[in-house]
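Hi there,

Here is the structure I promised to pass on to you. Have a look at it first, and then read my notes below.

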Amino acid sequence: MSRGRERVVALVDMDCFFMQVEQRLDPQLRGRPCAVVQYSEWQGGGIIAVSYEARAFGVSRGMWASEARALCPELALARVPQARGKADLTR
């Protein structure tokens with residue numbers, strides 16, 4: 001590569017991005033262990049995003065909300081609205 005054209009590789013934590021969108025919309029979630037869930041019909045819904053505070057308790061994406069609450073009883077959950085039976089992530 002020629003000088004001044006070095007390649008830059010960036011890592012974007014999109015898992016936490018969705019949680020940060022919810023924290024921005026609801027400032028009471030900031031600094032607390034929280035997660036974003038979708039499809040709340042079974043076991044509290046599936047977790048699609050996790051705050052760094054919740055990760056410290058072992059909560060991860062792909063868990064059911066009931067599993068996550070067993071690890072972190074103070075976990076706050078933000079629900080994704082649904083549109084036509086699917087998660088609406090337009091926010």
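To start us off, in which helix does M14 lie? M14 lies in helix 1, which covers residues 14-25. Please keep in mind as you read that this is a predicted model.

**Helix 1**

Helix 1 has 12 residues, and from its first C-alpha to its last it reaches 17 Å. That is close to the 16 Å expected at 1.5 Å a residue.

Which residues of helix 1 are buried? They are D15, C16, M19, V21, E22 and Q23. Try finding these on your screen and looking at what surrounds them: the buried residues of helix 1 pack against strand 1 (34-38), strand 2 (46-50), helix 2 (52-55) and strand 3 (76-79).

It helps to remember a general point here. An α-helix has 3.6 residues a turn, so residues three or four places apart point the same way.

**A nonpolar patch and a ring pair**

Now turn to the surface. V12, M14 and F17 form a nonpolar patch there, and together they have about 280 Å² of accessible area. Is M14 buried or exposed? The answer is in between: M14 has a relative accessible area of 40%, so it counts as partly exposed. F17 is also in the partly exposed class, because its relative accessibility is 38%.

F17 has a second role in these notes. The count of aromatic pairs comes to one, and that pair is F17 with F18. Their arrangement is edge-to-face, with 5.8 Å centre to centre and 65 degrees between the planes. F18 is partly exposed, since its relative accessible area is 29%.

**Two loops around helix 2**

S51 sits in the loop between strand 2 and helix 2. Why does S51 count as buried? Its relative accessibility is 1%, and buried means under 20%. Not counting residues up to four places away in sequence, S51 touches C16, M19, Q23, R32, P33 and C34. You have met C16, M19 and Q23 already, among the buried residues of helix 1.

R61 is in the loop between helix 2 and helix 3 (65-71). Here the relative accessibility is 56%, so R61 counts as exposed. R61 still has contacts: with residues up to four places away in sequence left out, it touches D15, I47, I48, A49 and V50. If you would like to try the distance tool, the C-alpha atoms of R61 and V12 are separated by 16 Å, and these residues are 49 residues apart along the chain.

**The loop between strand 3 and strand 4**

V80 is found in the loop between strand 3 and strand 4, and P81 is placed in that loop too. V80 is buried, because its relative accessible area is 10%. P81 counts as partly exposed, because its relative accessibility is 36%.

Which residues does V80 contact, leaving aside its neighbours within four places in sequence? They are V36, V37, Q38, I48, A87, D88 and L89. The C-alpha atoms of V80 and V36 are separated by 6.8 Å, although the two are 44 residues apart along the chain.

With neighbours within four places again left aside, P81 is in contact with K86, A87, D88 and R91. The C-alpha atoms of P81 and V37, also 44 residues apart along the chain, are separated by 9.5 Å.

Enjoy exploring, and write back with any questions.

Best wishes

Definitions and conventions: Residues are numbered from 1 along each chain as its sequence is written. This is a predicted model: local features need pLDDT of at least 70, side-chain atom pairs count only at pLDDT 80 or more; totals for chains, interfaces and linings use all residues. Side-chain values use heavy atoms; hydrogens and water are left out. Patches are made of residues with over 30% relative accessible area and no salt bridge: like charges are joined within 9 Å, nonpolar side chains (Val, Leu, Ile, Met, Phe, Trp, Tyr) within 5 Å. Accessible areas come from the Shrake-Rupley method with a 1.4 Å probe; for residues, only the protein chains shown count as cover. A salt bridge is a side-chain nitrogen of Lys or Arg within 4 Å of a carboxyl oxygen of Asp or Glu. Helices (H or I, at least four residues) and strands (E, at least two) are DSSP runs, numbered from the N terminus. Buried means under 20% relative accessible area, exposed over 50%, partly exposed in between (1.4 Å probe, protein chains only). Rings of Phe, Tyr and Trp (its six-membered ring) pair if their centres lie within 6.5 Å; planes under 30 degrees apart count as stacked, over 60 as edge-to-face and the rest as tilted. The expected span of a helix is 1.5 Å times one less than its number of residues. Contact means heavy atoms within 4.5 Å.
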